[in-house]
Amino acid sequence: MSVPITSYLLVALILFCIGLYGALTKRNAVVILLSIELMLNAVNINLVAFAKYGMFPNISGQIFSLFTITVAAAEAAVGLAILISLYRNRNTVRVDEMNLMKR
């Protein structure tokens with residue numbers, strides 16, 4: 001028995017809403033990066049679900065999902081490198097305290 005597309009969409013919706021909540025309300029930059037990762041994973045679930053259950057089922061959703069995973073990995077690496085640099089200079093990872101470009 002196959003899982004209906006509404007189940008995939010519901011899980012993706014919940015993940016995206018949790019990620020959006022975390023990105024908009026949290027002050028810790030690491031938590032914001034993790035929230036963005038959650039939102040990108042929700043997009044991946046939608047891409048794969050629509051590739052499987054869409055009007056013309058094909059592999060393009062999986063290919064786009066691989067590109068999204070690659071972008072998410074690059075975003076995490078660059079984001080963490082920036083956060084490490086900011087922590088070394090300011091001794092904090094709180095977003096509300098990082099409002100100036102200079103020391």
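## A tour from helix α1 to the segment after α3

Start by selecting L10, which is partly exposed, with a relative accessible area of 49%; on this scale buried means under 20%, exposed over 50% and partly exposed in between, using a 1.4 Å probe and protein chains only. You are looking at a predicted model, where local features need pLDDT of at least 70, side-chain atom pairs count only at pLDDT 80 or more, and totals for chains, interfaces and linings use all residues. Residues are numbered from 1 along each chain as its sequence is written, and side-chain values use heavy atoms, with hydrogens and water left out.

L10 sits in helix α1, residues 5–25. Helices here are DSSP runs of H or I with at least four residues, strands are runs of E with at least two, and both are numbered from the N terminus.

Now add L13, I14 and I18 to your selection: together with L10 they make a nonpolar surface patch of about 370 Å². Patch members have over 30% relative accessible area and no salt bridge; nonpolar side chains (Val, Leu, Ile, Met, Phe, Trp, Tyr) are joined within 5 Å, and like charges within 9 Å. A salt bridge would be a side-chain nitrogen of Lys or Arg within 4 Å of a carboxyl oxygen of Asp or Glu. Accessible areas come from the Shrake-Rupley method with a 1.4 Å probe, and for residues only the protein chains shown count as cover.

Next, bring in helix α2, residues 29–53. How do α1 and α2 pack? Their axes are 8 Å apart and the angle is about 165°, the axes being lines fitted to C-alpha atoms over the stretch in contact, with angles from 0 to 180 degrees between N-to-C directions. α1 and α2 are therefore roughly antiparallel (over 145 degrees; under 35 is roughly parallel, 65 to 115 roughly perpendicular and the rest oblique).

For two C-alpha distances, stay with α1:

- Pick F16, in helix α1 and partly exposed at 32% relative accessible area. Its C-alpha atom is 6.4 Å from that of L38, 22 residues apart along the chain.
- Pick L9, also found in helix α1 and partly exposed at 30%. The C-alpha atoms of L9 and V43 are separated by 9.7 Å, with their positions 34 residues apart along the chain.

Finally, move to the segment after α3 (60–90), where you will find N91. N91 is exposed, with a relative accessible area of 59%, and has a positive phi of about 60° although it is not a glycine. V93 lies in this segment too.
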